[in-house]
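I set out to record, entry by entry, what I looked up in this structure. The topics are strand pairing, the core, the cysteines and the pocket.

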Amino acid sequence: MLFVAIGDGESGKTSTINALMSEQDVSGRIHEDTRTVGIEIKRWTPRLPAGRELTFQVMDLAGQAVYSTSHQFFLVRRAIYALVWRAREGSSGAAGSAMQLLKRMVTHWMDSLQLRVPGATFLCVVTHIDCVASEGELRLQTEYVRRVVVAKQRDLEAASGSNSVLPLRVLNGGESFRVNCLHGHGVPELRASLIDITLRLPWYGEQIPASYLQLRSWVMERLQQGRTWIGTAPSRRLMARCSVWARLIGLWCVGAADWQSFSQAGAECGLDDMNMHIATVFLHETGALKYFGDVPAVLTRCAFLLLLRHATKPQG
């Protein structure tokens with residue numbers, strides 16, 4: 001299951017992920033030279049009652065403006081999104097300029113999700129709650145964000161009603177989960193809610209064709225070899241450009257092969273052409289690879305596929 005942390009830079013996304021994955025419910029301080037560059041990908045298997053299993057592929061998207069263009073490539077339907085925002089110091093209700101910036105950030109991400117993955121599931125998380133002057137001020141800020149989310153959700157529902165597009169699924173009524181990652185406050189509650197939500201999604205326990213799983217295993221074997229794969233570029237120059245782009249957003253590009261090799265692997269798994277496309281989209285939606293299909297305006301009619309190598313940093 002994909003869990004994707006989105007939001008502005010320095011909002012606490014990495015700390016929230018580290019705290020969720022920690023048995024102590026806490027995260028160390030994130031120093032400037034260890035902040036997320038491009039994207040950080042991890043695997044997390046939380047403890048569940050006997051007889052149940054769940055593994056998250058966690059994507060931590062860097063929030064700096066320079067990476068904003070690349071975010072759209074990592075928004076997929078089979079995921080839970082956590083919109084992480086930082087509590088403001090010294091803000092006074094909705095009139096503060098900082099809160100207006102926060103409003104623009106929230107509506108921007110809701111629009112991005114709705115445009116890219118209509119019907120996506122997302123929740124809000126507020127961090128640095130210990131930096132706010134008072135509990136009353138924190139309530140003002142979280143209520144302000146809740147009203148922004150609810151109002152935007154209402155607009156999306158009105159727009160989607162006319163074109164039969166699913167609106168975003170907003171969890172917890174738009175109320176933000178409050179966490180202090182340095183001390184662990186609110187982290188167990190967020191973790192429990194996230195697990196409970198995931199277990200109730202239609203994709204949990206879904207029956208997957210064995211051939212799709214075999215192809216996924218083929219992909220995973222190459223990831224374990226440290227290979228990132230780009231397929232069907234019409235020229236070496238374009239392949240090189242794709243490699244540079246992959247490195248800029250924090251991926252590795254170590255080797256290349258053509259689409260024929262991938263198709264051959266699919267055929268060996270018993271997939272015909274139609275099911276090969278469906279299986280590749282499935283792997284894209286579950287985060288095993290990034291597949292953008294036929295995108296002639298961008299890559300001159302080439303299929304573009306990346307295998308994402310799991311990147312982990314030492315935990316502080």
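Entry 1, the cysteines. I note at the start that the model is predicted. I looked up Cys131 first; its relative accessibility is 30%, so I entered Cys131 as partly exposed. Cys124 has a relative accessibility of 1%, and I therefore entered Cys124 as buried, the cut-off for that class being under 20%. I then asked how many disulfides the structure holds. The count is zero. For reference, a disulfide is a covalent bond between the sulfur atoms of two cysteines.

Entry 2, strand pairing. I turned to strand β2, which spans residues 39–44. Is β2 mostly covered or mostly uncovered? I found β2 mostly covered, with five of its six residues buried. I next examined how β2 is joined to strand β3, residues 56–61. The two strands run antiparallel, and six bridges join them. For one bridge I noted the residues: Trp44 has Phe56, in β3, as its partner.

Entry 3, the nonpolar core. I looked up the largest nonpolar core and found 36 residues in it. Those with the most contacts inside this core are Ile6, Tyr81, Leu83, Val106, Leu113 and Phe122. I then listed the elements that give two or more residues to the core: the strands β1 (2–6), β2, β3, β4 (79–86) and β5 (121–127), together with the helices α2 (97–116) and α3 (135–161). Which element gives the largest share of this core? It is α2, with seven residues.

Entry 4, the largest pocket. I recorded a volume of about 660 Å³ for the largest pocket. Its lining has 21 residues, and Met1, Thr55, Trp203, Arg216 and Thr286 are the ones that lie nearest the centre. The elements that give two or more residues to this lining are β3, α5 (210–224) and α8 (273–285). I noted that α5 supplies the largest share of the lining, three residues. Sorted by class, the lining comprises 10 nonpolar, six charged and five polar residues.

Entry 5, a residue of α8. I looked up Ile278, which lies in helix α8. Ile278 has a relative accessibility of 39%, so I entered this residue as partly exposed. I also checked Ile278 against Tyr212: the two are 66 residues apart in sequence, and their C-alpha atoms are 9.0 Å apart in space.

Key. Residues numbered from 1 in each chain as written. Predicted model: local features only at pLDDT ≥ 70, side-chain atom pairs only at ≥ 80, totals over all residues. Heavy atoms only, no water. Buried < 20%, exposed > 50% of the residue type's maximum accessible area, 1.4 Å probe, protein only. Helix = DSSP H or I, 4+ residues; strand = E, 2+ residues; numbered from the N terminus. Pairing = 2+ DSSP bridges. Disulfide = S-S within 2.5 Å. 1 Å grid on protein atoms, 1.4 Å probe; cavity = no way out; pocket = protein on both sides within 12 Å on 5 of 7 lines; lining within 4 Å. Points joined across faces, edges and corners; volume = space filled by probe spheres on them. Nonpolar A, V, L, I, M, F, W, Y, C, P; charged D, E, K, R; others polar. Core = buried A, V, L, I, M, F, W, Y, C linked by side-chain atoms within 4.5 Å.
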